[in-house]
Amino acid sequence: MVALPLRDAETAMPGPAARPALAWVLHDGKAGMRSQALGLAEAAGFPFVEKVLAIRRPWAWLPPRLWLAPL
């Protein structure tokens, strides 16, 4: 990948260049996971939206190793 000079990179970007990318911070609501996810998002410097994930039934009743596709 070749880095373009700044003035060429601005004209090559589709859409409005004034709006930065928005990142989703996904975590399970536990304090340790939340702090790590938010710390990473803040360090990256992007504006972000925090989203808490919840496992719903019937998957919440099973241990994760029995889920069909855990990843």
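## Overall organisation

Among contacts in the protein chain between residues at least 6 apart in sequence, 50% join residues at least 24 apart. The model is predicted, and the protein chain contains two helices and two strands, which, when read along the sequence, follow the pattern α-β-α-β.

Of the 71 residues in the protein chain, buried residues make up 7%. The accessible surface of the protein chain comes to about 6600 Å², and carbon and sulfur atoms supply 64% of that area.

## Confidence along the chain

The average pLDDT of the protein chain is 77, with 70% of the residues scoring at least 70. Confidence is lowest in helix α1, residues 6-12, where the mean is 53, and it is highest in β2, at 94.

## The surroundings of H27

H27 belongs to strand β1, which covers residues 23-27. With a relative accessible area of 4%, H27 is buried, since the limit for that class is under 20%. Once its neighbours within four places in sequence are left aside, H27 is in contact with M33, R34, A37, E50, K51, V52 and L53.

One of these contacts is also polar in character: the side chain of H27 makes a polar contact with the side chain of E50, at 2.8 Å. The two partners differ in their exposure class, for H27 is buried at 4%, whereas E50 counts as partly exposed at 32% relative accessibility.

## Salt bridges

Side chains of opposite charge can pair when their charged atoms come close. In this model the count comes to two salt bridges. In one of them, the side chains of E50 and R34 meet with an N to O distance of 2.8 Å. E50 lies in strand β2 and R34 in helix α2, so the pair ties together parts that are 16 residues apart in sequence. E50, at 32% relative accessibility, counts as partly exposed, and R34, at 37%, likewise counts as partly exposed. E50 thus appears both in this salt bridge with R34 and in the polar contact with the side chain of H27, while R34 is itself among the residues in contact with H27.

The other salt bridge joins the side chains of D28 and K30, with an N to O distance of 3.7 Å. D28 counts as partly exposed at 37% relative accessibility, whereas K30 is exposed, with a relative accessible area of 56%.

## The position of K30

K30 lies in the loop between β1 and α2, the latter helix covering residues 31-44. Because the class of exposed residues begins over 50% relative accessible area, K30, at 56%, counts as exposed. The C-alpha atoms of K30 and V52, which are 22 residues apart along the chain, are separated by 9.3 Å; V52 is also among the residues in contact with H27.

## A nonpolar surface patch

On the surface, I55, W59, W61, L62, L66 and L68 form a nonpolar patch, and together these residues have about 700 Å² of accessible area. One of the members, I55, is found in the segment after β2, the strand that covers residues 48-52. That strand is also where confidence in the protein chain is highest, at 94.

Notes
Residues numbered from 1 in each chain as written. Predicted model: local features only at pLDDT ≥ 70, side-chain atom pairs only at ≥ 80, totals over all residues. Heavy atoms only, no water. Patch = residues over 30% accessible without salt bridge, like charges linked within 9 Å, V, L, I, M, F, W, Y side chains within 5 Å. Areas by Shrake-Rupley, 256 points an atom, 1.4 Å probe, with all protein chains shown as cover. Salt bridge = Lys/Arg side-chain N within 4 Å of Asp/Glu carboxyl O. Helix = DSSP H or I, 4+ residues; strand = E, 2+ residues; numbered from the N terminus. Buried < 20%, exposed > 50% of the residue type's maximum accessible area, 1.4 Å probe, protein only. Polar contact = N/O pair within 3.5 Å; in protein donor to acceptor, adjacent residues only side chain to side chain. Contact = heavy atoms within 4.5 Å. pLDDT = per-residue confidence, 0-100.
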